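Let's take a walk through this model, one sheet at a time, with a stop at a serine along the way.

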Amino acid sequence: MHWVRFRYNGTEAVGKLDEGTIQVCNGDLFGSPQATGQTLALDGVELLTPCDPSKMICLWNNFHALAAKLEVPEPEEPLYFLKAPNAFLATGQTIRRPKSYDGPVVYEGELGIVIGKTCSAVSEAEAAEHIFGYTCINDVTAAKIISKDPTFAQWARAKSYDTFGVFGPTIATDIDPLACSVVTVLNGQERQNYPLSDMIFPPQRLVSLLSHDMTLMPGDIIACGTSIGVGSMKEPSNSIEVSIEGIGSLSNTFVQ
């Protein structure tokens, strides 16, 4: 099942997407939304981010292949930062260069875990029932900011500029993410194609471990980190697409 959030005639709603048609629903996405009987064409609505998170938790160094390439140790526990809600952006919308920053802007295609119910200090076995589904992420980064000050790594600043937290287009509820791959295409050229089975901390373990650090709320997103193939978007206008089979394609333009 694929869930979307959208705007139609000035009203926001949620619905189930099936082959270009949305079955409109009433109620909270993470409650028990009920079909209204109304259907809409996908190309007749404005897609929003598929949920409205209180926070996005983003992983660093969560793939064996990338750790090996960077020649860094694999972590013993998840390494992460938070991306601010002002950064959130839907598919089809424009990623903008910050006026205060003139360095490289980097794409990172990733899997996103969507939390479905309040989650605190759960076991790995219990974690599955707290996962609502999965989405695509483009974790956009102002790369030069991270190490700009030698006394303090500025992860939150580099990752939280307006429009830098891109996710969508849907939330898929019936997939095995570890059987999928992330494919990132920049200006028509494939730049990333890596298996999610290569994760150091897979989804249920991530949810369990993070829930012992902080309460996870319905709609919160865990960006599972990226692997080999990250790069900067250099053209005046760049098309960037992150695809995961079973979820869909997150497509945006980055304008310098």
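Where does S227 lie? Look in the loop between β17 (221-223) and β18 (231-232); strands here are DSSP E runs of at least two residues, numbered from the N terminus. Before going on, note that this is a predicted model, where local features need pLDDT of at least 70, side-chain atom pairs count only at pLDDT 80 or more, and totals for chains, interfaces and linings use all residues. Residues are numbered from 1 along each chain as its sequence is written, and side-chain values use heavy atoms, with hydrogens and water left out.

Back to S227: its relative accessibility is 2%, so it counts as buried (under 20% relative accessible area, 1.4 Å probe, protein chains only). Skip the neighbours within four places in sequence, and S227 is in contact with F63, A65, L66, Q192 and Y194, contact being heavy atoms within 4.5 Å.

Now for the sheets. One is an open sheet of five strands, ordered β9-β20-β19-β15-β16, with mixed pairing; two strands pair if DSSP finds at least two bridges between them. Both β9 (94-96) and β16 (189-195) have a single partner strand, so each leaves one side without a neighbour in the sheet. At the β16 end, β15 (residues 181-186) pairs with β16 in the antiparallel sense over six bridges, and L186 has Q189 in β16 as its bridge partner.

The strand after our serine's loop, β18, belongs to an open sheet of three strands, β13-β10-β18, with antiparallel pairing. Its edge strands are β13 (141-142) and β18, each pairing on one side only. Strand β10 (residues 105-107) runs antiparallel to β13, joined by two bridges, and V105 stands opposite A142 in β13.

Note on methods. Helix = DSSP H or I, 4+ residues; strand = E, 2+ residues; numbered from the N terminus. Buried < 20%, exposed > 50% of the residue type's maximum accessible area, 1.4 Å probe, protein only.
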